[in-house]
Amino acid sequence: IVAYVHLDHDVIEGRGLLAHDEAGHTLLADRVREWLARGDRHVTIRPVINLNDHCNGSDSAGHDGSDPYVPSFLTAEKVRLRNPTCVFPHCTKKSRSCDLDHLIAHARTGVTCECNLAPLCRHHHQLKTHAGWRYQQLTPGTFLWREPHGQTMLVTPTGTRDLTDP
């Protein structure tokens, strides 16, 4: 089980009452402190992942030529947290069960970093790879899709919008 719990300093010091998990649910801080104190469970505390700290495709971090195909844990986590679902138009499949697709193919010099990865469920990954669907990332988390017959759709964190000119 992976639980993302965001605690401010007051909660950690015992002065606050509430904390929030990744889905925005409210947790009582006492419950979180209880979890951390248990000896029969393994708890890993990781630093905050800054989703606003993203690459631009030309910096040296992750773009040094020694680029593996499989993303690091941190890179994969950033992509999945930025995009909680498959980024195909209207898809709601959770990104945790999706493939991480290289927007520019790794074999064609596409780097393995958050600026070139997006979660696609297996079905939509197959459509993109074999059925003529194409997409590009306009900004982190915003994608422009083109289907084989010319329909164009914009996928943002708030949903999908058809941009096809009637």
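A residue counts as buried when its relative accessible area is under 20%. With 2% relative accessibility, Cys86 therefore falls into the buried class. Welcome to a short tour of this predicted model, which starts from Cys86 and moves on to the nonpolar core and its aromatic rings. The largest nonpolar core here has 15 residues, and Cys86 is among those with the most contacts inside it.

**The core as a whole**

- Besides Cys86, the residues with the most contacts inside the largest core are Val87, Phe88, Leu120, Tyr135, Phe143 and Trp145.
- Two or more residues of this core come from each of the strands β5 (117–120), β7 (142–146) and β8 (152–156).
- As general background, nonpolar side chains in soluble globular proteins tend to be buried together.

**Cys86 and its surroundings**

- Where along the chain does Cys86 sit? Look in the loop that runs between α3 (73–82) and β4 (99–102).
- Leaving out residues up to four places away in sequence, Cys86 touches two further cysteines of the stretch that follows, Cys91 and Cys98, along with Lys93 and Ser95.
- Pro119, Leu120, Cys121 and His124 are also touched by Cys86.
- Ser97 is 11 residues from Cys86 along the chain, and 8.9 Å separates their C-alpha atoms.

**Aromatic pairs**

- The whole structure contains 5 aromatic pairs.
- In one of them, Phe88 and Trp145 have ring centres 4.9 Å apart and planes at 65°, so this pair is edge-to-face.
- Phe88 belongs to the loop between α3 and β4 while Trp145 belongs to strand β7, so their pairing ties together parts that lie 57 residues apart in sequence.
- Tyr135 and Phe143 make a tilted pair, with 5.9 Å from centre to centre and 35° between the planes.
- Which residues make up the aromatic cluster? Phe88, Trp133, Tyr135, Phe143 and Trp145 form it together.

**How buried are these rings?**

- Trp145 has 0% relative accessibility and so counts as buried.
- Phe143 likewise counts as buried, because its relative accessibility is 0%.
- Phe88, at 7% relative accessibility, is buried, and Tyr135 is buried at 9%.

**Phe143 and its contacts**

- Setting aside neighbours within four places in sequence, Phe143 is in contact with Asn83, Val87, Leu103 and Ala118, among others.
- Its contacts also include Tyr135, Gln136 and Gln137, and Tyr135 is the partner of Phe143 in the tilted pair.
- Met153, Leu154 and Val155 complete the list of contacts for Phe143.

Note on methods:
Residues numbered from 1 in each chain as written. Predicted model: local features only at pLDDT ≥ 70, side-chain atom pairs only at ≥ 80, totals over all residues. Heavy atoms only, no water. Core = buried A, V, L, I, M, F, W, Y, C linked by side-chain atoms within 4.5 Å. Buried < 20%, exposed > 50% of the residue type's maximum accessible area, 1.4 Å probe, protein only. Helix = DSSP H or I, 4+ residues; strand = E, 2+ residues; numbered from the N terminus. Contact = heavy atoms within 4.5 Å. Phe/Tyr/Trp six-rings, centres within 6.5 Å; stacked < 30°, edge-to-face > 60°.
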